[in-house]
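Visitor: Please give me a close look at a single part of this model. I would also like to know how that part sits with the rest.

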Amino acid sequence: MLNRKTSHFLGMRVQSELEHLSELRREAGKDRSSVHGSAARTRASVRTQWTTAAAATKADEGPGANLFPPPLPRPRICMWKYLDVHSMHQLEKTTNAEEMREVLAELLELGCPEQSLRDAITLDLFCHALIFCRQQGFSLEQTSAACALLQDLHKACIATPLGNVEECYRYFTSVLFCHGVRRPPFSIDLFKEQQLLALEDYVVNTYFRHFKLYKYVFTPQVRLDLSLTYMGLQPPKLWPESETGHVHVLRAYIKTQVNKELEQLQGLVEERLKASEERLSSKLTALERPFQLPPGKGKSKTK
């Protein structure tokens with residue numbers, strides 16, 4: 001049989017083991033709750049990041065994302081860019097404007113210029129450019145580069161409905177200088193100085209002079225819907241039906257008084273104008289009379 005000391009020692013040991021086991025359970029519960037909390041925080045952070053990214057994407061795709069004109073491309077050499085050697089030989093074989101328009105419409109892949117206003121304007125633009133190049137005696141390389149330069153300028157113009165004439169002009173001059181100075185691989189001396197000046201004058205007098213018309217035809221119309229909200233003001237109150245008649249009477253009275261004042265002011269202005277005209281006419285009449293010497297001044301004295 002166990003004595004009292006042994007039983008007391010065993011009881012204290014069992015109690016300490018139970019306390020240690022309960023502490024282990026509490027720590028395990030804390031670890032589990034911390035793991036669940038961190039997982040929840042991770043899911044929340046991922047959800048927040050996804051929401052932020054989605055909101056940023058929506059903000060980029062919103063109506064305010066295109067408030068500024070898009071950046072223009074870098075100036076580059078554009079010889080044989082749109083019209084290659086084969087295309088230029090086809091255009092060179094044309095003998096009149098009608099043949100040139102037919103070949104050019106096929107090369108530029110214009111659908112039906114007779115039914116599409118934009119295609120007709122584009123066709124006229126490049127037909128006149130080709131006629132100018134022939135008048136200046138440009139070579140096939142120079143003609144191809146001039147048409148490509150005009151095409152890139154037109155694309156920069158219609159890229160946005162907002163005004164960007166200064167940016168387009170800077171881009172045009174930069175591309176023009178890419179074909180006037182020998183500095184490979186950035187620029188070549190394709191045009192002479194007089195040819196560059198003639199091409200610049202032609203584009204300024206034809207395209208930039210009608211810059212807003214091209215932008216109006218080839219870009220969508222932009223409308224501004226503006227709504228203002230004033231903080232701290234009460235919303236407008238609707239007039240009751242019983243007071244509507246009084247409002248109309250008051251409005252008619254104010255209109256009548258204003259018209260009377262306007263009539264009086266108009267009469268006063270007319271009187272002043274009439275008086276000034278009379279004074280002016282009297283002065284003109286006095287100036288038109290023949291000059292007469294006062295009596296006694298023009299007679300010679302007799303002895």
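Guide: A residue is called buried under 20% relative accessible area, exposed over 50% and partly exposed in between, computed with a 1.4 Å probe on protein chains only. The model is predicted, so local features need pLDDT of at least 70 and side-chain atom pairs pLDDT 80 or more, while totals for chains, interfaces and linings use all residues. Numbering starts from 1 along each chain as its sequence is written, and side-chain values use heavy atoms, without hydrogens and water.

The part chosen is helix α5, residues 140-157. Helices (DSSP runs of H or I, at least four residues) and strands (runs of E, at least two) are numbered from the N terminus. The chain holds nine helices and two strands, in the order α-α-α-α-α-α-β-β-α-α-α. α5 has 18 residues and spans 26 Å from first to last C-alpha, close to the expected 26 Å (1.5 Å times one less than the number of residues). Of those 18 residues, 15 are buried; across the 303 residues of the chain, 22% count as buried.

Q142 belongs to α5. Q142 counts as buried because its relative accessible area is 9%. Its side chain makes two polar contacts (N or O pairs within 3.5 Å, one able to donate a hydrogen and the other to accept it; residues adjacent in sequence count only if both atoms are side-chain atoms). One reaches the backbone nitrogen of S139 at 3.1 Å, and another joins the side chain of Q195, also at 3.1 Å. Beyond four places in sequence, Q142 is in contact (heavy atoms within 4.5 Å) with L190, F191 and Q195.

α5 also borders the largest cavity, supplying four lining residues, the largest share. A cavity is a set of points on a 1 Å grid over the protein atoms alone where a 1.4 Å probe fits but cannot get out, and lining residues have an atom within 4 Å of a point. One cavity of 30 Å³ or more is counted, and it holds about 70 Å³ (points joined across faces, edges and corners; volume filled by probe spheres set on them). α4 (117-136), α5 and α7 (193-206) each supply at least two residues of its lining. Among the lining residues are A146, C147, L149 and L150, together with A129, F132 and Y202. The lining divides into 10 nonpolar residues, no polar and no charged (nonpolar covers Ala, Val, Leu, Ile, Met, Phe, Trp, Tyr, Cys and Pro; charged is Asp, Glu, Lys and Arg; the others, Gly among them, are polar).

Across that cavity lining, Y202 lies in α7. Y202 is buried, since its relative accessible area is 17%. Y202 and A129 are 73 residues apart in sequence but 8.6 Å apart C-alpha to C-alpha. Leaving aside neighbours within four places, Y202 is in contact with L125, H128, A129, F132 and Y207. In the chain, residues 24 or more positions apart account for 67% of the contacts with a separation of 6 or more.

Some loops elsewhere complete the picture. E109, in the loop between α3 (97-107) and α4, has phi near 60 degrees, a positive value in a residue other than glycine. E109 is exposed, because its relative accessible area is 73%. W80, in the loop between α1 (4-61) and α2 (85-92), also has phi near 60 degrees. W80 is partly exposed at 27%. The peptide bond from P184 to P185 is cis, with omega near 0 degrees, and P185 lies in the loop between β1 (180-183) and β2 (187-189).

Terms used: On a 1 Å grid over the protein atoms alone, a cavity is a set of points where a 1.4 Å probe fits but cannot get out, and a pocket is an open set with protein on both sides within 12 Å along at least five of seven lines; lining residues have an atom within 4 Å of a point.
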